[in-house]
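Got the viewer open and the cartoon switched on? Here is a tour to follow, one selection at a time.

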Amino acid sequence: MNYISKIFMNYICKNLFMIQIEVNRASGDFGFEAKDAAGHIARMDTSPETGGENFGIRPMQMLLMGLGGCSGIDILSILKKQRQPVEGFRMLIEGEREPGKEPSLWQDIHLVFELKGAIDPDKAQKACELSMDKYCSVAATLREARCRITWELRLV
């Protein structure tokens, strides 16, 4: 690969993986609005006990939401490719943070995947495994921070 090709490839790779988020204070002392490049907005705040106004989601809770969205996309995408008729999808996520530490990282997270429809149980189980063990970038990021992630599947 010549020099120009290397520069071009570095530029392409950097721009494919570069994400830009803008965060602005929007309410009170700690209320923020975060906006992605497409204009989608998420509101964040801290609790009233720590000076916030309940303007939005707590940032650490947003990590759990990101985990749910990432794994949900994986699971439904896998099942769609397998032509499994998912009529309903719900996820429950519980997390526990490290007590008495600053920063207080997620220590344990448990997910419950509830799928509704005439879905093959083995295919549903495999889709969940693939998401949690291989594809979900948020789960991988949390595991790198030494978070234990457990999950279960419920077919309704």
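Buried residues, meaning those under 20% relative accessible area with a 1.4 Å probe and protein chains only, make up 27% of the 156 residues in the protein. Exposed stands for over 50%, and partly exposed for what lies in between. This is a predicted model, in which local features need pLDDT of at least 70 and side-chain atom pairs count only at pLDDT 80 or more, while totals for chains, interfaces and linings use all residues. Numbering starts from 1 along each chain as its sequence is written, and side-chain values use heavy atoms, with hydrogens and water left out.

**The whole chain**

Colour by secondary structure and you should find four helices and six strands. Helices here are DSSP runs of H or I with at least four residues, strands are runs of E with at least two, and both are numbered from the N terminus. Walking from the N terminus, the order is α-β-β-β-α-β-β-α-α-β.

Now show the surface. The accessible area is about 10700 Å², with 55% of it belonging to carbon and sulfur atoms; it comes from the Shrake-Rupley method with a 1.4 Å probe. As for contacts (heavy atoms within 4.5 Å), take those with a separation of 6 or more: residues 24 or more positions apart account for 49% of them.

**Stop one: helix α3**

Select residues 121-135. That is α3, with 15 residues, reaching 20 Å from its first C-alpha to its last, close to the 21 Å expected at 1.5 Å a residue. The expected span is 1.5 Å times one less than the number of residues.

Which residues of α3 are buried? Ala124, Ala127, Cys128, Ser131 and Met132. Look down the axis of α3: these buried residues fall within an arc of 115°, so they line one face of the helix. The arc is taken over the directions from the helix axis to the C-beta atoms. Cys128 has a relative accessible area of 0%.

Swing round to the face turned away from the buried side, and you meet exposed Asp122, Asp133 and Lys134. To see what covers the buried residues of α3, bring up its partners, which include α2 (59-81), β5 (106-116), α4 (137-144) and β6 (148-155).

Before moving on, zoom in on the start of α3. There, a side-chain oxygen of Asp120 comes within 2.8 Å of the backbone nitrogen of Asp122.

**Stop two: helix α2**

Next, select α2. This helix has 23 residues and reaches 33 Å from its first C-alpha to its last, close to the 33 Å expected at 1.5 Å a residue. Its buried residues include Leu64, Leu67, Gly68, Cys70, Ile75 and Leu79. The cover over the buried residues of α2 includes β4, β5, α3 and α4.

Put Cys70 on screen as sticks. How many disulfides are there in the protein? With a disulfide taken as a pair of cysteine sulfur atoms within 2.5 Å, the count is zero. For Cys70, the nearest cysteine sulfur is that of Cys136, 3.1 Å away. Cys70 is buried, with a relative accessible area of 19%.

**Stop three: two arginines with positive phi**

Most residues other than glycine have a negative phi, and most peptide bonds are trans. Follow α2 to its end and on to Arg83, whose phi is positive, near 55°. Arg83 sits in the loop between α2 and β4 and is exposed at 74% relative accessibility.

Then jump to Arg146, in the loop between α4 and β6. Its phi is near 65°, again a positive value in a residue other than glycine. Arg146 is exposed too, at 62% relative accessibility.

**Stop four: the loop between β4 and β5**

Where does Glu98 lie? Look in the loop between β4 (88-97) and β5. At 15% relative accessibility, Glu98 counts as buried. Setting aside residues up to four places away in sequence, Glu98 touches Pro103, Ser104, Leu105 and Gln107.

Pro103 is in the loop between β4 and β5 as well. Check the peptide bond from Glu102 to Pro103: it is cis, with omega near -5°.

**Last stop: Ile41**

Finish at β3 (residues 41-44), which holds Ile41. Is Ile41 buried or exposed? At 53% relative accessibility, Ile41 counts as exposed. Leaving aside neighbours within four places in sequence, Ile41 is in contact with Glu33, Ala34 and Lys35. Draw a distance from Ile41 to Ile21, 20 residues apart along the chain, and the C-alpha atoms are separated by 9.8 Å.

Notes: Polar contact = N/O pair within 3.5 Å; in protein donor to acceptor, adjacent residues only side chain to side chain.
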